[in-house]
Amino acid sequence: MPNPEIFTREERRLLEPYFTNLDERVFALTNLPEVVKGALFARYSRSPKSLRRLFLDEFIDTDHGAAFDTGAGLRRARELYDRVFIEFGDDSVAQLGGAHLAVEGASNILTKILERGRLMSYLEQSTRYIPFTSRLDGRWRYCIPPELENHPARKVYIEVLDEIFETYTEWVKPLQELLSTRFPQGTESVAVHHRTLQAKALDILRGLLPAATTSNLGLFGSGQAFESLLLRMRAHPSAEARETARLMLHELRKVIPEFLKRVDQEERGVVWSRYLSETREETERMASEFFGEDSPLSKEEKGPAEKSQTVQLTDFDPEGEIKVIAAALYSTSNLPDGELLARVRRMPHEDRVRVLKAYVGSRRNRRHRPGRAFERTSYRFDILSDYGAFRDLQRHRILSIEWQQLTTHHGYHFPQELEASPLGDRWHQIMTRSSELFHRLAVEGLERVASYAVCMAYRIRYYMEMNAREAMHLIELRTAPQGHTSYRLIGQEMHRLIAETAGHRAIAEAISFADHTSGEEGRLSAEMSLETRRTDHGSILRLEE
């Protein structure tokens, strides 16, 4: 261990506001603009000096103090950034500073665009814990796409979506009462029982909500991640996405302006966005040329789907399990990869299973996951599910996911809890109204805008391709008893297909926290347990009434 660097009393005075300690090998930066952090770390990578010494020698005005919070200090910081930016290139520097951003009033179409990037963090309002039963400034909480401004269809769009939200609001309490007869109160308190049933009622009724329903999001990312997101949004065919990109860029330039210089430069970001737009349009033209007869407008509405979702395993490696076992042995052997794989192929099946069990070990909870050997094989699933389940699964970003346009021609999910309820007929009526509006907008040349009118009970097709390590995480998380029934069934089917169709039974066995229980009792029990813990800690989540 090297000896700690020694600083003079004056140097310590200058450094103390900006570093969590001055005597240890590990420390954090504080009270510095993002541009200074980025430039400092970039310069650090090509200097023999320690970070704190580099800060003193090149980043601080020792004659007048740091004063990075003043206009002059920030100007100097930006000059430093520009110098480092030119010397070291673009992307490496843009990874070293970030920002927190809030986006409010985003449609559920837009939230999927915002949450597409892998290397950012997102937090979105929940449809389980927030009832959409109140108006905001006299309006229900849904987006009217800018494309409908001054369009004749705007009036009917508002009429239909108002009707949907009124039905949703009208049925929240009656549905809770219906559920209370099926799941009567047990040993839990009245408050816990009420909140649990409300969560279940909101889970069911979210299928009524249209994709236009608005949500609030919190985003955190590096300058590079925001730049990538903005370039995609500026090229997007949705006017809501493009307008939101304009607002985001304006606000981000108040906190990390240097990291976003390229976004609207003609020869850099503008050309980049144009490239994305042109390739999308050309690919759409090719799809129309070859598969035009299968477009969303060429099919009749099917009504309720026979199954809520379908999951197909469309691609996998038959030798995937062998390759995972070879990868598990790689770091503890001295053999090259190809030789190791050949030897594992010759091993008896029982010995391979022993190796995999040793690598996985005794997992005490689902957060105990084996290492990167499980990334040696992958699975590609084609899924047809209701949009509500998709919007939850889409948040898994350490995988490849792509989706088709949200339409009404795949049919919709009908909750079994409503089969003997007056809401059952009303559910079908709302789905019909949603479908009629979708087709009207599409026929009038607003096919993309038409997706805003589609209720979340309607099904959407998408694929998810993931390695076995991510499959373990996704399946174990999404089959948990407290999860929504729609995505629980998808996770359970993924697990079955890995074992039976791919034949990777040892990998499937390692996914040991997959829950295959059926029914709502386990889920409600988990919800009640969670609410009880919140009560015990004096932090019950107060739901909006």
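Biologist: At what angle do helix 12 and helix 13 pack?

Modeller: In this predicted model, helix 12 covers residues 320-330 and helix 13 covers residues 337-346. Two packed helices are described by the angle between their axes and the distance between the axes. Here the axes are 9 Å apart, and the angle is about 125 degrees.

Biologist: Which word describes how helix 12 and helix 13 lie to each other?

Modeller: Helix 12 passes helix 13 in a right-handed crossing. Angles of 65 to 115 degrees count as roughly perpendicular and those over 145 as roughly antiparallel. The angle between helix 12 and helix 13 is about 125 degrees. The two helices are therefore oblique.

Biologist: How many nonpolar residues are in the contact of helix 12 with helix 13?

Modeller: Helix 12 contributes Ile322, Lys323, Ile325, Ala326, Leu329 and Tyr330, and helix 13 contributes Asp337, Leu340, Leu341, Val344 and Arg345. Sorted by class, three residues of this contact are charged and no residue is polar. The nonpolar residues number eight.

Biologist: Helix 7 and helix 8 also cross; how are they placed, and what is the hand of the crossing?

Modeller: The axes of helix 7 and helix 8 (residues 190-205) come within 9 Å and cross at roughly 125 degrees. Helix 7 and helix 8 are therefore oblique to each other. The hand of the crossing is right-handed.

Biologist: How many polar residues are in the contact of helix 7 with helix 8?

Modeller: Residues of helix 7 in this contact include Tyr168, Trp171 and Leu175, and those of helix 8 include His193, Leu197 and Leu205. By class, the contact has ten nonpolar residues and one charged residue. The polar residues number five.

Biologist: Is leucine 197 buried or exposed?

Modeller: Leucine 197 is placed in helix 8. Leaving out residues up to four places away in sequence, leucine 197 touches Gln176, Leu179, Ser180 and Phe183. The relative accessibility of leucine 197 is 4%. The cut-off for burial is under 20%, so leucine 197 counts as buried.

Biologist: Which helices are tied together by the pair of glutamate 163 and arginine 426?

Modeller: The side chains of glutamate 163 and arginine 426 form a salt bridge, at 2.9 Å from N to O. The two parts that the pair ties together are 263 residues apart in sequence. Glutamate 163 lies in residues 154-182 and arginine 426 in residues 423-443, so the parts are helix 7 and helix 16.

Biologist: Of glutamate 163 and arginine 426, which is buried, and which is partly exposed?

Modeller: Buried means under 20% relative accessible area, and partly exposed lies between that and 50%. Glutamate 163 has a relative accessible area of 18%, so glutamate 163 is buried. Arginine 426 is at 22% relative accessibility, so the partly exposed residue is arginine 426.

Biologist: Which residues are linked with Lys112 and Glu115 in a network of salt bridges?

Modeller: Lysine 112 and glutamate 115 meet through their side chains in a salt bridge of 2.9 Å, N to O. Lysine 112 is buried, and glutamate 115 is buried too. The network links this pair with Glu124, Arg206, Arg391, Asp392 and Arg395.

Biologist: What is the N to O distance in the salt bridge of aspartate 57 and lysine 49?

Modeller: Aspartate 57 counts as partly exposed at 43% relative accessibility. Lysine 49 counts as partly exposed at 30%. The side chains of aspartate 57 and lysine 49 meet at 3.1 Å.

Biologist: What is the phi of asparagine 31?

Modeller: Most residues other than glycine have a negative phi. Asparagine 31 is not a glycine, yet its phi is positive. Asparagine 31 lies in the loop between helix 1 and helix 2, and it is exposed, with a relative accessible area of 60%. The phi of asparagine 31 is about 60 degrees.

Biologist: Where is asparagine 150 found?

Modeller: Asparagine 150 is not a glycine but has a positive phi of about 65 degrees. At 73% relative accessibility, asparagine 150 counts as exposed. Asparagine 150 is found in the loop between strand 2 (120-124) and helix 7.

Biologist: How many helices and strands does the chain have?

Modeller: The chain has 545 residues, of which 49% count as buried. The secondary structure comes to 21 helices and seven strands.

Methods. Residues are numbered from 1 along each chain as its sequence is written. This is a predicted model: local features need pLDDT of at least 70, side-chain atom pairs count only at pLDDT 80 or more; totals for chains, interfaces and linings use all residues. Side-chain values use heavy atoms; hydrogens and water are left out. A salt bridge is a side-chain nitrogen of Lys or Arg within 4 Å of a carboxyl oxygen of Asp or Glu. Buried means under 20% relative accessible area, exposed over 50%, partly exposed in between (1.4 Å probe, protein chains only). Helices (H or I, at least four residues) and strands (E, at least two) are DSSP runs, numbered from the N terminus. Axes are lines fitted to C-alpha atoms, for helices over the stretch in contact, and angles run from 0 to 180 degrees between N-to-C directions. Angles under 35 degrees count as roughly parallel, over 145 as roughly antiparallel, 65 to 115 as roughly perpendicular and the rest as oblique. A crossing is left-handed if the near helix is turned anticlockwise from the far one by less than a right angle, and right-handed if clockwise. Contact means heavy atoms within 4.5 Å. Ala, Val, Leu, Ile, Met, Phe, Trp, Tyr, Cys and Pro count as nonpolar, Asp, Glu, Lys and Arg as charged, and the others, Gly among them, as polar.
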